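Work through the exercises below with the structure on screen. Try each task before you read its solution.

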Amino acid sequence: MNERPGLSHLDADGRARMVDVGGKPVTARVATATGRYRTRPDVIALVRGDGLPKADVLATARLAGIGGAKRTSELIPLCHPLPLDAVSIDFELDDSSILITATARTTGRTGVEMEALTAVAVAGLTLHDMVKAVDAHGTLTDVRLEAKTGGRSGEWMRDDAPVEAPTPAPAVRPRTAAVIVASTRAAAGTRPDETGPAIAAWLGEHDFAVDAVTVVADAAVGEALDAALATAPAVVLVTGGTGVGPYDRTPEAVSARLDTALPGIAEAVRARGLAATPTAALSRCVAGIARGAVVVALPGSRGGVRDGLAVLEGLLDHLVDQLAGGDHG
């Protein structure tokens, strides 16, 4: 049966069908899409300052967009399920809007344009959900594909708004580290920070030069992590905010920025803690790779930090060496 020219999702009788891509070559494919969420300047200021009733606005929207990209084939009937290699979502704030940019990558037989577009749409809808209490008139506009590569059609870029190639991430600085302490009380000066100096001392003993120990409120851990990763350290250790309290959002903030998850490290930290206390099972510590750096979010207690560092004792050097291209032996 012949298909209608130019409409690959319709057969000769005009019936919808999923295109057979079995004969296509497997290639690396990338797609970038954008959208803009328009709101009032005072709302943008609240987003910047994390002052909205629903906190972690951008981190939540980023996670939602990534989740939306993963479920594109469930939402768009004729899309193929794709094994996504990566999804990244960035936000650029101006005086009265938030530009959402999503890039999806896969290695497969069909493109990821719909995944990138879905990521933008879901992230934008989540932004609206987060700010609607203060601005019900917010509007998501201009959701569109900007560029794609891979497959038979090769490279495509929107002519009316060329997309600049992303700035390459700076090379990781060997044997450097940053420490972030997520503690609203320590940031306010109402309690001393004991975990940050302990982590920094441990890193120094293992020949890592620590750029800084940054103490921030729980809601600001995502921004602090972005700032640390921008300096290209080899390791970022975060402590605090990994429990189940209403303000414990470190796992969400860290997970949203990971390119590769390392669940085994988190499992090992919890297992070590369980040997001493049953409440270690409640820890939501996470670990992975972000922009070439090893990122581990440890519990905020001294015992939790001690357990986490004990696990990293036998892993961190090996992991950093692998990321730098060393042998697996």
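A nonpolar core is a set of buried Ala, Val, Leu, Ile, Met, Phe, Trp, Tyr and Cys residues joined through side-chain atoms within 4.5 Å. Keep in mind that this is a predicted model.

**Exercise 1. The cores**

Task: Find which residues have the most contacts inside the largest nonpolar core, and which elements supply it.

Solution:
- Step 1. The largest nonpolar core has 29 residues. Inside it, Val47, Ile89, Phe91, Ile98, Ile100, Leu127 and Val131 have the most contacts.
- Step 2. Now trace the elements. At least two residues each come from strand S1 (27-38), helix H1 (41-48), helix H2 (57-70), strand S2 (84-93), strand S3 (97-108) and helix H4 (113-131).
- Step 3. H4 gives the largest share of this core, eight residues.
- Step 4. Another core lies apart from it, with 25 residues. Val235, Ala287, Ile289 and Val311 are among them.
- Step 5. Go back to isoleucine 100. Leaving aside neighbours within four places in sequence, its contacts include Ile89, Phe91 and Leu127. Ala33 and Leu140 are also among the residues that isoleucine 100 contacts.

**Exercise 2. The five-strand sheet**

Task: Give the strand order of the open sheet of five strands, then locate its edge strands.

Solution:
- Step 1. The order is S2-S3-S1-S4-S5, and the pairing is antiparallel.
- Step 2. S2 and strand S5 (156-157) are the edge strands, since each pairs on one side only.
- Step 3. Look at S1 and strand S4 (residues 139-149). They run antiparallel and are joined by eight bridges.
- Step 4. Pick out partners in S4. Arginine 36 has threonine 141 as its bridge partner, and alanine 33 has leucine 145.
- Step 5. Finish with S4 and S5, which pair in the antiparallel sense over two bridges. Here lysine 148 stands opposite tryptophan 156 in S5.

**Exercise 3. The six-strand sheet**

Task: Give the order of the open sheet of six strands and state its kind of pairing.

Solution:
- Step 1. Strands of a sheet pair through backbone hydrogen bonds, either parallel or antiparallel.
- Step 2. The order is S7-S6-S8-S11-S10-S9, with mixed pairing.
- Step 3. The edges are strand S7 (209-216) and strand S9 (260-261), each pairing on one side only.
- Step 4. Take strand S10 (residues 286-290) and strand S11 (residues 293-298). Five bridges join them, and they run antiparallel. Glycine 288 has valine 295 in S11 as its bridge partner.

**Exercise 4. From strand to loop**

Task: Decide whether threonine 239 and glycine 240 are buried or exposed.

Solution:
- Step 1. Place them. Threonine 239 is in strand S8 (residues 233-239). Glycine 240 is in the loop between S8 and helix H8 (250-255).
- Step 2. Apply the cut-off: buried means under 20% relative accessible area. Threonine 239 has 0%, so threonine 239 is buried. Glycine 240 has 5%, so glycine 240 counts as buried.
- Step 3. Check contacts, not counting residues up to four places away in sequence. Threonine 239 touches residues including Ala182, Leu298, Pro299 and Gly300. Glycine 240 touches Ala182, Thr250, Leu298, Pro299 and Gly300.
- Step 4. Follow the side chain of threonine 239. It reaches the backbone oxygen of proline 299 at 2.7 Å.
- Step 5. Cross the loop. Glycine 240 and threonine 250 are 10 residues apart along the chain, and their C-alpha atoms are separated by 7.2 Å.

How values were computed: Residues numbered from 1 in each chain as written. Predicted model: local features only at pLDDT ≥ 70, side-chain atom pairs only at ≥ 80, totals over all residues. Heavy atoms only, no water. Helix = DSSP H or I, 4+ residues; strand = E, 2+ residues; numbered from the N terminus. Buried < 20%, exposed > 50% of the residue type's maximum accessible area, 1.4 Å probe, protein only. Polar contact = N/O pair within 3.5 Å; in protein donor to acceptor, adjacent residues only side chain to side chain. Contact = heavy atoms within 4.5 Å. Pairing = 2+ DSSP bridges.
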